There are 2 protein chains.
Amino acid sequence: MLVNGKLGNLISIRDRGLLYGDGVFRTLRATQGKAQHWLLHYQKLQHDCAALGIACPDVALLSAELNDLLMQHPDGVVKLIVTRGEGTRGYAPSIQSTPARIWDVSPIPGYPADWAMHGIKARLCHLRLSQQPHLAGIKHLNRLENVLAAAEWNDPEIAEGVLLDVSGNVIEGTRSNLFMVRDGTLLTPDLSHCGVTGVQRERVMEWAAAHNMPCQIGQFGLVELLAADEMFLVNSVIGLWPVRELQDRTWSYHPISRQVQEWLNHALD
Amino acid sequence: MLVNGKLGNLISIRDRGLLYGDGVFRTLRATQGKAQHWLLHYQKLQHDCAALGIACPDVALLSAELNDLLMQHPDGVVKLIVTRGEGTRGYAPSIQSTPARIWDVSPIPGYPADWAMHGIKARLCHLRLSQQPHLAGIKHLNRLENVLAAAEWNDPEIAEGVLLDVSGNVIEGTRSNLFMVRDGTLLTPDLSHCGVTGVQRERVMEWAAAHNMPCQIGQFGLVELLAADEMFLVNSVIGLWPVRELQDRTWSYHPISRQVQEWLNHALD
């Protein structure tokens, strides 16, 4: 673990990341000493920092820290948090804050291989996401909605929960982005009012563009989701999970999901 | 500063307070070694912890820690944070987490005496609060909306910003609760969809009950706010600030605000 360039696992209790969730993060996968899609993650980090008015640490500095980390931990889930740092008391950010850089590594979770192969069982969460256009898309540290949603179930057979927003739009999984296939078109929710725009979501759209498959970003309700030909979830740690069950609907055939998964797993950087 | 009962100002980077804003807090004022309305604050803390499923630390333990702190710092703004503590990776809270207790003290801010006496200039924030009934009222650590709202202005003459929600309802100040007086009735926004229910808000309602003044909790728009006979803001640090200016509206006469302020400042515990 690395905090502001030094080995350590502690942070000031006056850091605004703790006080207000005033920061952003990335979660990426490292394999054999290489962090997958690091530059895509850095671009997202930069975008998210800009959205909150946090001065994003330089790519050279972060890349050097990441390399140090990977020397020690060549395989694992790497988490990078950038907070606004410490400041004067109160919500208003002070100009002189120096952002904090926090790195942590965890073992790669041992999900059943079957989930990626034959699909997962998902559930619909009761919690509805609120709509805040100023924070939508950003992978920020205000994640209580995700915590409450993930706390709704403890059946280990259920791999992920699907979230709707307060208007009933399908948005995402608690820790993943969501796609549908309908009549040869990829569909994915518009995330301009809530949700997180992950790197894997972008990569799926990149796949679609490269394979001449139309990809439509829009507002979709639960009825449309359940009527889809295929449904799958993505993030940087799990890769792609086809969904085989949600509510009363089952899917047993995932040809497009399979192609996308294949590409996501092998088209490394 | 006290972290889990020990002198210190550091917390683990794996604490869920940092990772997800998974915790709650209180801000109270200490004067001459006494924390004002500590038991009311503890009740709120207990309520907020319960709402998030965090095991609230015992009142005896927290009171003892507070007393230790007040021996060192008899006067100041005391902040108490209770997070869910550390856990396994991922949003879902683990049952075995031990909540973290974090205490900090800052000097009492030197606001111009004129603000409490003749009222403040307030502004209307552009940011609209999102609606999340599962988090409304709770003083949790997901405070990016407050941060963004407070970042909207830097004119030191403007003491506070007023927040509406996405539906246009008047909700609160960025760090205060809001009251209006209309025809001898106190009005304060319903906070069941967003906002924080502060201790001073409850004390104002207690004042109203004790003085036979009706107090109505409801949905009020900006038009109603600007048409009010009086408007004031409260929190545990500032006490009560009458508002003398908001947008094109000015108020120069605050008889009820004055009475409430007098009572809030003197009816100590």
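Start by selecting residues 177–189 of chain B and look at the hairpin of β11(B) and β12(B): 2 residues sit between the strands, and B:Asp183 takes a positive phi near 50°. Strands here are DSSP runs of E with at least two residues, helices are runs of H or I with at least four, and both are numbered from the N terminus. You are looking at a predicted model, in which local features need pLDDT of at least 70, side-chain atom pairs count only at pLDDT 80 or more, and totals for chains, interfaces and linings use all residues. Residues are numbered from 1 along each chain as its sequence is written, while chains are lettered from A and ligands numbered from 1 in the order in which they are written.

**Stay on β11(B)**

Color the two arms of the hairpin separately. β11(B) covers residues 177–182, and β12(B) covers residues 185–189. They pair antiparallel over 3 bridges; two strands count as paired if DSSP finds at least two bridges between them. Click B:Met180 and you'll find B:Leu187 of β12(B) standing opposite.

Now add residues 230–235 of chain B, which form β14(B). This strand is also antiparallel to β11(B), joined by 5 bridges. B:Leu178 has B:Leu233 as its bridge partner there.

Is β11(B) mostly covered or not? Mostly covered: 5 of its 6 residues are buried. Buried means 20 or more other C-beta atoms within 10 Å of the residue's own, exposed means 12 or fewer, and partly exposed is in between, with C-beta atoms placed from the backbone.

**Zoom out to chain A**

Switch to a cartoon of chain A, which has 8 helices and 16 strands. Its radius of gyration is 19 Å, close to the 18 Å that the globule rule gives for 269 residues, so chain A is as compact as a globular protein of that length. (The radius is taken over C-alpha atoms, and the rule is 2.2 Å times the number of residues to the power 0.38.) The C-alpha trace spans about 50 × 40 × 35 Å along its principal axes, and buried residues make up 50% of the chain's 269.

Next, color chain A by domain: domain 1 is 2–106 and domain 2 is 113–266, with bounds from an automatic or database domain assignment. Their C-alpha centres lie 25 Å apart. Across the boundary, 18 residues of domain 1 are in contact with 9 residues of domain 2, where contact means C-beta atoms, placed from the backbone, within 7 Å. On the domain 1 side, β4 (23–31) and α2 (38–52) each supply at least two residues, and β4(A) gives the largest share, 7 residues.

**Inside domain 1**

Select the open sheet of 6 strands in chain A, ordered β2-β1-β7-β6-β4-β5 with antiparallel pairing. Its edges are β2 (6–7) and β5 (34–35), each pairing on one side only. For a closer look, show β6 (76–83) and β7 (100–106), joined by 7 bridges; A:Lys79 stands opposite A:Asp104 there.

Then pick A:Leu69, in helix α3 (residues 59–72) of chain A. Why does A:Leu69 count as buried? Because 22 other C-beta atoms lie within 10 Å. Leaving aside neighbours within four places in sequence, A:Leu69 is in contact with A:Leu2, A:Val78, A:Trp103 and A:Val105. For a long ruler, draw a distance to A:Leu225: the C-alpha atoms are 40 Å apart.

**Last stop: where the chains meet**

Show both chains. A turn of 180° and a shift of 0.0 Å along the axis lay chain B on chain A with an RMSD of 0.0 Å, using least squares on the C-alpha atoms of residues with pLDDT of at least 70 in both. That is the relation of a two-fold axis. The same surface serves both copies, with 100% of the contact residues of chain B recurring in chain A.

Select the contact: 42 residues from chain B and 42 residues from chain A. On the chain B side, β3 (10–12), α1 (16–20), β7 (100–106) and α5 (144–150) each give two or more residues. Which of chain B's elements gives the largest share? α5(B) does, with 6 residues.

Finish on β3 (residues 10–12) of chain A, which is joined to β3(B) by 3 bridges in an antiparallel arrangement. Click A:Ser12 and its bridge partner in β3(B), B:Leu10, to see the pairing across the two chains.

Note on methods:
Two residues are in contact if their C-beta atoms, placed from the backbone, lie within 7 Å.
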